Amino acid sequence: MAEESFQEKNEQATPRRREEAREKGQVARSSELSSVAILLAGLMALSGLRNYMFGGLAEFTTQMLSDGFTIQLDLANAPGYVMRWAGSFAQICAPMIVVLAVVALLINFAQVGAVLTGKPLAPKFSRISPLGGLKRLVSSRGLVELVKGLAKITLIAYITYLTIANEAHNYILFLDMEVAQILSLGGELILTLGYRILMALLVLSVLDYAFQRWEFEKSLRMSKQEIKEEFKQQEGDPQVRARVRSLQREMSRRRMMDDVPKADVVVTNPTHVAIALRYDPDHMAAPQVVAKGQRLMAEKIKEMARQAGVPMVEDKPLARALFKAAQVGDTVPDELFKAVAQVLAFVYQLKRKKW
C-alpha cells in the first residue's frame with residue numbers, strides 16, 4: 001500500500017472515474033465565465049431595452065408620485081395598491097430577468113451539461129474549519145485566485161482611466177447642457193465603459209475556464225495501480241469470476257443432463273463423443289441438440305440415455321460433425337439435416353418394430 005501512494009498519477013481518467021466525479025458535482029466550470037457572460041448579456045439587454053425600461057420607470061415613478069397626492073392608504077385598500085405597483089414594476093423588469101435567466105442556464109449548460117446532484121450541498125465540517133480555510137488561503141489555488149483578483153482590478157482600473165481620459169475634453173460641455181442631455185451622455189459613457197470592461201473580463205474568464213479544465217483533468221488523473229483496482233472492482237476478483245463461471249458451467253451441465261431423457265436418439269463416436277438429439281415435428285422446424293459431450297461427459301450422457309431407454313446410434317462422421325457444428329440448444333445445420341433425418345428414421349423404425 002505504501003508503494004501505491006507514491007505512484008505518479010500520469011494516466012488519463014477512466015470513464016468510471018469521470019462518472020463518479022460528475023455524480024459528486026465535480027466538473028470543470030468557471031464561475032467567472034458565467035458571471036461575465038450574465039453581466040454582458042444584461043448590459044446588451046439594457047442597451048436594447050433602455051427606451052422601454054426608462055420609459056416604463058418614468059411612467060411608474062410619475063404614477064407613484066401622483067398617487068401619493070390623490071389616494072388615502074388604509075388597511076383595506078393598501079394590499080390592492082401594493083399589488084398593482086408590484087405588477088407594474090415586474091412588467092418593466094420582466095424582459096431583463098428573462099434574458100438573464102436564459103443566459104445563466106445556457107452558459108452553465110455549455111460548460112458542464114446537465115448535472116443534477118445534491119452531493120455538493122451535503123454539509124461538511126471541513127468547510128467551516130478555520131484551519132481548513134487557512135490552508136485553502138495559503139495553497140497554490142489560493143495564490144492563483146489572488147493573482148487573478150489583482151489582475152482584474154488592475155485591468156478594470158486601466159480601462160476606466162483610458163475611457164475617462166479620452167472623454168475628459170467633453171466634460172466641460174456639461175456646464176451648458178440640460179439635465180436630460182447630461183444623463184443621456186453620461187449613460188452612453190457608462191455603457192461604453194461597461195462594454196470595454198466586460199469584453200476584457202470575458203477574455204480573462206475564457207482563459208480561466210481553460211485553466212479550470214486543465215486543473216480538473218489533472219485532478220482526475222490516476223496511477224496504474226488505481227486503474228487496476230478499478231478494473232477489479234468493475235469486473236470482480238479473478239478468483240470469484242472463475243468460481244462464478246464454474247458454477248454457471250455446472251448448472252448448464254445439469255440442465256443439459258436433465259434433457260437427455262427427453263431426447264429421441266443419441267449419436268455416438270462411439271466412446272469419445274455423444275450428441276443427444278430431439279425432434280418434435282409439431283413444434284420444431286428441424287431436430288435440436290439437447291446435450292453433447294466428449295470423453296467423461298459423453299459417458300455420462302450415454303449412461304443417462306441407457307437408463308431412460310433412449311436409443312443410441314453409432315455414427316462417427318456424423319457425431320464429429322455435429323459436435324463441431326452445433327451447440328446445445330441449436331438446431332441441426334442444413335448440411336447435416338439429411339444424415340440426421342436418416343438416423344431418426346432408423347430410430348422410429350426400430351420403435352415401430354418394438355410396438
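Strands are DSSP runs of E covering at least two residues, numbered from the N terminus, and two of them pair if DSSP finds at least two bridges between them. The views below show a predicted model.

**View 1. A hairpin connects strand 1 and strand 2.** Four residues lead from strand 1 to strand 2 in this hairpin. Strand 1 covers residues 265-268 and strand 2 covers residues 273-278; the two run antiparallel and are joined by four bridges. V265 has L277 of strand 2 as its bridge partner. V267 is bridged to I275, also in strand 2.

**View 2. Strand 2 also pairs with strand 3.** These two strands run antiparallel and share six bridges. On this side, I275 has K292 of strand 3 as its bridge partner. I275 is also the partner of V267. Five of the six residues of strand 2 are buried, so the rest of the structure largely encloses this strand.

**View 3. The four strands form an open sheet.** Their order is 3-2-1-4, and the pairing is mixed. Strand 3 (288-294) and strand 4 (312-314) are the edge strands; each has a single partner strand, so one side of each has no neighbour in the sheet. On average, neighbouring strands are turned by 20 degrees against each other, direction ignored. In general, strands of a sheet pair through backbone hydrogen bonds, either parallel or antiparallel.

**View 4. Helix 10 and helix 11 lie across the strands.** Helix 10, residues 296-308, lies across strand 1, strand 2, strand 3 and strand 4. Its direction makes an angle of about 130 degrees with strand 3. Helix 11, residues 316-325, likewise lies across strand 1, strand 2, strand 3 and strand 4. The angle between helix 11 and strand 2 is about 80 degrees.

**View 5. Helix 4 bends at C93.** This helix spans residues 78-112, and the bend at C93 is about 45 degrees. A proline, P95, follows C93 within four residues. C93 is itself buried, as are Y81, W85, I92 and M96 of helix 4. Further buried residues of this helix include A104, I107, Q111 and V112. An α-helix has 3.6 residues a turn, so residues three or four places apart point the same way. Just after helix 4, G113 has a positive phi of about 75 degrees.

Key
Residues are numbered from 1 along each chain as its sequence is written. This is a predicted model: local features need pLDDT of at least 70, side-chain atom pairs count only at pLDDT 80 or more; totals for chains, interfaces and linings use all residues. Side-chain values use heavy atoms; hydrogens and water are left out. Axes are lines fitted to C-alpha atoms, for helices over the stretch in contact, and angles run from 0 to 180 degrees between N-to-C directions. Contact means heavy atoms within 4.5 Å. Buried means under 20% relative accessible area, exposed over 50%, partly exposed in between (1.4 Å probe, protein chains only). The bend at a residue is the angle between axes fitted to the seven residues ending there and the seven starting there.
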